[in-house]
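Reader: Please take a close look at the enclosed space inside this model. I would like to know what surrounds it, by residue, by element and by class.

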Amino acid sequence: MRKTFCLWLSACLLLAGFVQAQSVTGRVTDATDGSAMPGVTIAIKGTKRGTVTNNDGAYTLQVPPRSTLMFTFVGYNNKEITINNNTVIDVALQRNDKLLDEIVVSSYDATTRRKYTGAVSTVSAGKLKDIPAATFDQALQGRVAGLYSTAGSGQPGSANRVVIRGQGTISGSSTPLYIVDGIPIEGSQFASLNTADFESITVLKDANATALYGSRGSNGVIVITTKKGKEGRVVFGLRTQHGISTQTRPRFDMMNAAERLKFEEEIGQETGATYGPGWSLSPLNPRNANLSEADKAKNKGVLDSLRNLNTDWRKIFFRDNARFQEHELTASGGNERTQFYTALNYYKQDGIALRSGLERYSFRTNVDFKGDKFSASVSSAIAYTNLSFIEQENTTSILNPFAAVYYALPYEYPYINGVLVNSSNSAAYNVYDQREGSDALERVLNTTSKSGELKGVISARLKYDLHPHLYARTTVGIDYRQRTGSRYINPNSYTGSQATGRQGSYGESFSRYMQFTSTSGLTYHNSINKHDFEVSALYEFNRAKYNDNSFTGYGLNPLFPETPVGITPGNNTNGFIPVISGRKTGNALASVIAIGKYSYDDKYTLNLTWRRDGSSTVPEKNRWHSFWSVGAGWDLKKEQFLANVNALSTIRLRGSYGLSATPFPSDRDFGYVASYAPTRYDGTPGVTPSDIGNPDYDWEYSNMLNFGIDLAAFKDRLRVTVEWYNKRTSNLFVDQQLSRTSGFTSRRINAGVMRNRGIEVDIAGDVISNKNVTWTIGANFAYNKNEILELGEVNEFVQGTSIIRVGLPIGTHYVVKYAGVNPETGKAEYYSADGKTKSTAYNTATMSVAEFGTYNPPFLGGFNTSVSWKGLTLDAVFSFASGYKRFNNEDFFNQNPSFATSNQSTQWFNRWKNKGDQTDIPAFGDPRRFSSKDIQDASYIRFRNLRIGYSLPKKWLAATKLLSDVQIYASGQNLFTITNWNGFDPEDNNNISTFEYPAARTYTAGVRVNF
């Protein structure tokens, strides 16, 4: 009886609960793009009851009042919402970009970070969006520990120099291997790739990754995964942003007109030399003492006029507000078997210098199919890019606008009576300068240098399940680039009169690059009790072809501008002989690959890779070589002694060791072969030896040891990763100097050993994390010590302005040591060979020629913060590099008496003038020499990007029955730089600054809408 009563009472209570229960409906979407999220688990907290969303992201659930719903989905942050009296609850889930929960992707497989034993960093789509950068490598700056991405040019479309864990070669390539959707692509050619298409960028840094890619992976691997469609209704997206780019001022001051005239007068008094009207028309000039009062008054009037002119050459050569715009339309969706993603993008960025800019049209479509046993995906992208370039960038020539702006005298005016005045007709206008500014401007207005690039990347991946645990797969892909360049000089211009035949010129260049890759094999995966293992066997073939040709013709007909139609056929009579050149090359790589993964009880992990490569770029005797790696991981948190330490959620140790190889230099596909080139002798065609070759040539080999620790604490609110590595590169590519009697100056050999050893730290923390506010702070830091350990039969040799010496890092400056200015004579002094005594005699044979730091920064990193409050978000990113030096050639030319007819720096007013003066600027008459005076600290901290966005409330959008997400945003890039560097830009990709195109400051505003 009692038992029956209890059952009856329980049933009544259960029935009462159902009576009081209410129906809740809603829709779950992705907070980033507003797309529907099918398969999201929704559970009533404290119970086992729940449901999942359907294909449209919708759900319906009967719940008791005052319950709390828990929304969970892999790769997204969990969310809890108390029902109260609500019957409709729509939820937008945020993607989880936490450091320790990422998916590690390579060309060959994908795994969770917890099962990967190597060093890896991932940059998600959320960190890449809306950055006004024409190439994606610029978006990596400050994002990845141990990765140095530095701009060699601020010209739109220019690629960065990217180095991972230090430069490991002397004469070879330090460029990482780039992979897009499973296939390798050409490095440093990214102007036609649309960053908005990227879902994530994974940077693989240790032996687990580099050995997997064998002879291509020693410099690290950057794997790009593009966006995919999701199951659910079709979501349309529209994004548009506009902005402007402005100039950043260099950290040096040039003379204005009054200062320049004063300077000319002072040095005229000191030396008697005339450097302009400031002395030639000066009343203090003895030559003007006997002039009539009328002539003196005329001179004074001219000087007063020139003093007030102050031409701002920056405004003439540069755009005050260079325009930027980007527009994108996307569509994505699908059902449980087929999903698609399509994007059409238009990108246009004007450079801050006249004539420079980029315009790109790109289209991408990705399709994924999943059957019962067969699955396939196709990723394809095509883009066409127009680029326009300035003249002779990165040179000190006046043809480079960034040099001409500072060489040009402030009292020079480029136009007189509406006519552009240059050096060919300046005498007719009674001007008092060299017309450097006008000559450079005339060239800008009468020449063009353009390039049109067609880029296509397509890959297809097929997978077939042969057995529940065994599947076959193949990936094929093509990376294709075709570029056509043109260069035109107007025949009716002063510049055109300087060309061959004095009637301008027109030239075209054509280049084509194609790389085909195929990877096929079998993978077996199984789990038995606590054992989980996977084995893959693959064969890969890679073939690359490159060819280019160019011509330049002369004697242009002005009626046919910027076309080869206007070229006059050349012959020995008219002298319009065209210049023609071209080349064709290619290489191939065949590989056998084995990959093994094993884990026990999710605590112990073992990763093994083996690869055997055969490359056509290596002599037959060294053509085939094996590469391998072994990595192990231990999840300490799952051990009993740490299981009850609630403060720790993850603590994992990792280690790896392996062998890989540095890529063969791209300019030497057949560098091991003795080769010949065409020539002419007395008008007769013939051939001549061009390369001595080396049949013993080999790869550079790299062994890397890596230890890492992953740590998460306080419910994953604090996340830390620390890596230590030791990379030893042997068989270094070295150009051996030969006696000129051999007919050659050098040949490339393998000799020497280099080491890169360092530590990387990546840390992120959620300072505030609740349903209304999330505030995350992150930082990464890396220290790399580079050292040359051996150089074969020598201990050192000079390479340009650097010294390659055992015991020093690569890129070490090597110049005469500057000792300051003698206060008695005003002459520059240099240390003698003993390094202690000083001398004013500049003689490198008897002076101290010493090393002065390296242009590769040993310290680098970045820090960032992200705040979200309801619909408002703020993201800020900084990057820094420290401990490196560069040669400042800008200072060398702007403080040099040999170039005093051009404008000069105001630092000249601090020069030595009288006996006893204490200064670092010698007397004007003392010649400027190359020395350590011009080597400056280039360390910097740069505010990379600031983005502020606001998403309109969902309840506002629901009323439209059309819009699912609307976000407005504004951003600023390159907002300010803290540095002691006295030049254009401390950030560069080489050891010497020569008036490079500096990075611009860009402001943008935009809106993204999802339907």
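Author: For classes, Ala, Val, Leu, Ile, Met, Phe, Trp, Tyr, Cys and Pro count as nonpolar, Asp, Glu, Lys and Arg as charged, and the others, Gly among them, as polar. The model is predicted: local features need pLDDT of at least 70 and side-chain atom pairs 80 or more, while totals for chains, interfaces and linings use all residues. Residues are numbered from 1 along each chain as its sequence is written, and side-chain values use heavy atoms, without hydrogens or water.

The structure holds 12 cavities of 30 Å³ or more (a cavity is a set of points on a 1 Å grid over the protein atoms alone where a 1.4 Å probe fits but cannot get out; its volume is the space filled by probe spheres set on the points, which are joined across faces, edges and corners). Two of them are described here.

The largest cavity contains about 430 Å³ of space. Its lining (residues with an atom within 4 Å of a point) comprises 32 residues, and those closest to the centre are P132, A133, Q138, Q973 and A999. By the classes above, P132, A133 and A999 are nonpolar, whereas Q138 and Q973 are polar. Over the whole lining of the largest cavity, 15 residues are polar, 12 are nonpolar and 5 are charged.

Which elements give two or more residues to the lining of the largest cavity? They are β19, residues 338-350, and β51, residues 940-951 (strands are DSSP runs of E, at least two residues, numbered from the N terminus). Strand β51 provides the largest share of this lining, with 3 residues.

The second largest cavity holds about 160 Å³ of space. Its lining consists of 15 residues, and D109, Y116, N208, L212 and K597 are the ones nearest the centre. This central group includes each class: D109 and K597 are charged, Y116 and L212 are nonpolar, and N208 is polar. The full lining of the second largest cavity has 7 nonpolar residues, 6 polar residues and 2 charged residues.

Three strands each supply at least two residues to the lining of the second largest cavity: β8 at residues 103-105, β28 at residues 579-600 and β29 at residues 604-615. K597, one of the residues nearest the centre of this cavity, falls within the range of β28.

Key
1 Å grid on protein atoms, 1.4 Å probe; cavity = no way out; pocket = protein on both sides within 12 Å on 5 of 7 lines; lining within 4 Å. Helix = DSSP H or I, 4+ residues; strand = E, 2+ residues; numbered from the N terminus.
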